[in-house]
Amino acid sequence: MESVPFYPVNDFGPLMKGMVIGGIGILHVFLAQFAIGGGMLLLYFERLAQRGKEPDARRFVDGYFQILVLVSFVLGALTGVAMWFTTIQVGARTIGVMVDQFHWLWATEWVCFSVEVVAGYAFVRAGQRLGDRARLRLLALYALASWFSLFWINGILSWQLTPGRYLESGSVWAGFFNPSFWPSLIFRTFVAMALAALAACLVINTLDMERERRAALIRRASRFAAPMVLMPVLALWWVAVMPADSRSWIMGGSIAMTMFVGIAAGSSVLIGGYAVVALLIKRLYVNAATALLLLALAFGATAAGEFVREGARKPYTVRGVLYSTSITPAEVSELRRTGAAAADPYPLRDAAAYPSEQLRHGAKALRVLCDACHTMHGGNSLVHLTATWTDDQLRLNIAKLQRTKGFMPPFAGNAEDVEAIIQLIKWEVADRPSRWPESGDPATLAQITRWLDEAGVK
Ligand code: HEC
C-alpha cells in the first residue's frame, strides 16, 4: 500500500475547521444561488417587457442587473476564492480527490461560470444599447450558463454524501448522477428562484414609480418564490435516498441536526406560503423591510440546510472513500501499526508550550485524527465533552471511537497515540500545568490495544 499522504493543516484557534469551511460555504452558496435565480428572473422580466405585458419591467431589468452583478460577481467570486483557500488549508486531500475524480466535469463547470461572467459583463456594459433580440439572447445565455454551473457542481457535491453505484464501478457518471443528484438540483433551483424573487421585491421598492405599478411587478416576482412550498416534498425525497445512518441522525439521532432540518424546512414553507397566500392570492403588497426580513429568513434556511448536508456526511467527507480526517478506510489498519502521526513531517506550531514529549506526541496525533471536528476549548470542545470522565472511560471511548459515536471514524493510530491524546486532554482539563508526568504503563497500553482490536477498523 502507498503510504498515507500528509498535508499541512492550519489551525483556527477556537473555530472548528469544519465551521470555518461551513461559514464561508454558506455565504458562498447563498450568493451563488441568488445569481442563478437572478438570471432566470431577469429573462422572465425581459420577456414580459418585450411582449408589452409589463411596461415597467425593463427599468427593473436594467436596475436589478447592476445589483445582481455587483453582489454576485464581486462577493460571489471573493467567497468562491476564499472557499479554495480554506479547503486547501483544512481538507487538501478531500478537495484533491474531488478534483481528481471529476476533473473534466469541474472544468466544464468553470467554462459555464466564465460564460456567465462574460455574458453578465457584456449585458451591464452594452445591454441598454442592444436591440430586443440581442438583449433576450444575452440574458438567456447568462441564465443558462449560470444554471448549468449549478448543474455541474451539484453533481460533485451530492456525490460526497451519496456516491451510490460509484463505489462499485468507480464510474464518473455513476458518481455524478448519484442518488441525491436530482432532489438537490431541483431543490437548489427552487431556492435560487426564491432568493432572486425576494431580492427583486427589495429592488422594486426602490424604483421611482406608482405603487400600483410596483405592486404589479412584485406579483410577477412572487411567482418565482412560490415553488418553495414544495420544499417538504423535495426534502422527503432527499431523506429517502440518503444512507440509513445519516437518515437516523436527521430523524432524531442527532437532535441538533433534527432541529436544523426543521428550521430549514419550516422557514422554506413559510417563505413559499407567504408568496402564494399573501402575494399571489391576497395580492398584498410587500415593502422593502418585509422583503429584507424574508431574505434573512431564507439565509437562515440556507445556513441550516447546508449545515445538515455537511453534518449528515460524517464521519466521511466522501462517503465510503475518505473520512473527515483525510484518511481512507483502507489506511486505518496501517496507521494502527505505524502510529497516526509517525510519518507526519509538519512540526507543531508551538511545540515548546508542551511540558513533555508525550504531550507533543498527543498534539500531533490529535491534529491528524481529531482536529477536523474538535477543538480543545472552542467548537465541539474535547475539554467540555470529557471533563467528567475517568481515565479508563477516556481510554475505552477513544480507543473504540467509531462505537462511541457514529459520527466518528475508527481510531487510526496505536495504543501510544490513544494514551498520548488522553494525557493531552487531561493536561488541558487541568489548565496546562508546567509539569506533567509521562504515563505508559505496559498493562494500560495492552488494555488499550485490546480495546482497539475489539473495536476493529471498520
Ligand atoms: C468526523 C468528525 C469527528 C472526528 C474526526 C472525531 N470526532 Fe469526536 N465527536 C464528533 C461529534 C460530531 C461528536 C458528538 C458531539 C456531541 O454529542 O455534542 C463527537 C463526540 C466526541 C466525544 C464525546 C462522546 C460522548 O459520548 O459524549 C469524545 C470524547 C470525542 N468525540 C473524542 C474524539 C477524539 C479523541 C477524536 C480523535 C481521535 C475524535 N473525537 C474525532 C465528531 C468527530
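A residue counts as near a molecule if its C-beta atom, placed from the backbone, lies within 6 Å of it. By that cut-off, 23 residues surround the ligand in this structure. The closest are Ser324, Leu369, Cys370, Cys373 and Phe407. The model is a predicted one.

**Around the ligand**

Three elements each give two or more residues to the shell: helix H16 (382-386), helix H17 (391-399) and helix H18 (401-404). H16 supplies the largest share, with three residues. By class, the shell holds 14 nonpolar, seven polar and two charged residues.

**The whole protein**

There are 20 helices and two strands in the protein. Its C-alpha atoms fill a box of roughly 85 × 40 × 40 Å along the principal axes. Of the 458 residues, 46% are buried. Among contacts with a separation of 6 or more, 78% join residues 24 or more positions apart.

**Two domains**

The domain assignment gives domain 1 (17-323) and domain 2 (329-455). Their C-alpha centres lie 40 Å apart. Where they meet, seven residues of domain 1 are in contact with eight residues of domain 2. On the domain 1 side, helix H1 (residues 17-50) gives the most, with three residues. That side divides into three nonpolar, one polar and three charged residues.

**Two helices**

The table sets out H8 and H20.

| Helix | Residues | Length | Span, first to last C-alpha | Expected span |
|---|---|---|---|---|
| H8 | 181-206 | 26 residues | 38 Å | 38 Å |
| H20 | 442-455 | 14 residues | 20 Å | 20 Å |

H8 reaches close to its expected span. Of its 26 residues, 20 are buried, so H8 is largely enclosed by the rest of the structure.

H20 is also close to its expected span. Its buried residues are Ile448, Trp451 and Leu452. They cover an arc of only 100 degrees around the axis, which puts them on the same side of H20. What covers these buried residues includes helix H14 (332-338), H17 and helix H19 (415-429). H17 also appears among the elements of the ligand shell. The face of H20 turned away from the buried side carries exposed residues: Pro442, Ala443, Ala446, Arg450, Asp453 and Glu454. After H20 comes Gly456, with a positive phi near 75 degrees.

Note on methods: Residues numbered from 1 in each chain as written. Predicted model: local features only at pLDDT ≥ 70, side-chain atom pairs only at ≥ 80, totals over all residues. Helix = DSSP H or I, 4+ residues; strand = E, 2+ residues; numbered from the N terminus. Expected span 1.5 Å × (residues − 1). Buried ≥ 20, exposed ≤ 12 C-beta atoms within 10 Å, placed from the backbone. Domains from an automatic or database assignment. Contact = placed C-beta atoms within 7 Å. Nonpolar A, V, L, I, M, F, W, Y, C, P; charged D, E, K, R; others polar. Arc of directions from axis to C-beta.
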